[in-house]
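Colleague: Could you take a close look at the backbone of this model and tell me where its phi angles and peptide bonds depart from what one expects?

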Amino acid sequence: MTIKQLSIFIENKSGTLIKVLDILSKGGIQIIASTVADTQDYGIYRVLCNHPTQAFLMLREAGINVQLTDVIALSIDDEPGRAAQAVSTLSAAGVSILYMYSFLWKGKGVLILRTNPVEKAQEVITIHKMSLLTEIDFA
């Protein structure tokens, strides 16, 4: 099972990030976690929020270049080495991790993973009884 993440393309210039944040704020969207990956001219602002589809529509309506991306939200114990253990298990099964970020949520660690192939990652997670989070967990 995957969850929806916003992938927002923003120019690397003053004011573009605050425009996105203002739109989300005015729409009552709660950002749960976010990360920015930048290139020379543009950045990709990846956001997990409480209402991703609503946020997507608001940003699109405002002319912001945004996509909904499927990612895996894996809940792990908040202990040293748990992220390494999860990544090692996926890698040993031949799953590539395209990107990852993490945060703490309600006393647990959360790994957000974009994997290839997704189906194989989900199979490995099920076999190893890892704990997935759903969008309902973040609503």
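Modeller: Lys106 is a good place to begin, since this residue is exposed (over 50% relative accessible area with a 1.4 Å probe, protein chains only; buried is under 20%, partly exposed in between), its own relative accessible area being 70%. The model is predicted, so local features are taken only at pLDDT of at least 70 and side-chain atom pairs only at 80 or more, while totals for chains, interfaces and linings use all residues. Residues are numbered from 1 along each chain as its sequence is written, and side-chain values use heavy atoms, without hydrogens or water.

Most residues other than glycine have a negative phi, and most peptide bonds are trans. Against that background, Lys106 has a positive phi, near 50°, although this residue is not a glycine, and Lys106 sits in the loop that joins strand 5 (96-105) to strand 6; strands (E, at least two residues) and helices (H or I, at least four) are DSSP runs, numbered from the N terminus.

Strand 6 (108-116) is followed by another loop, which leads to helix 4 (118-127) and holds Pro117. The peptide bond that runs from Asn116 into Pro117 is cis, with omega near -5°.

Beyond helix 4, the loop leading to strand 7 (131-132) contains Lys129, a residue other than glycine whose phi is again positive, at about 55°. Lys129 is also exposed, with a relative accessibility of 76%.
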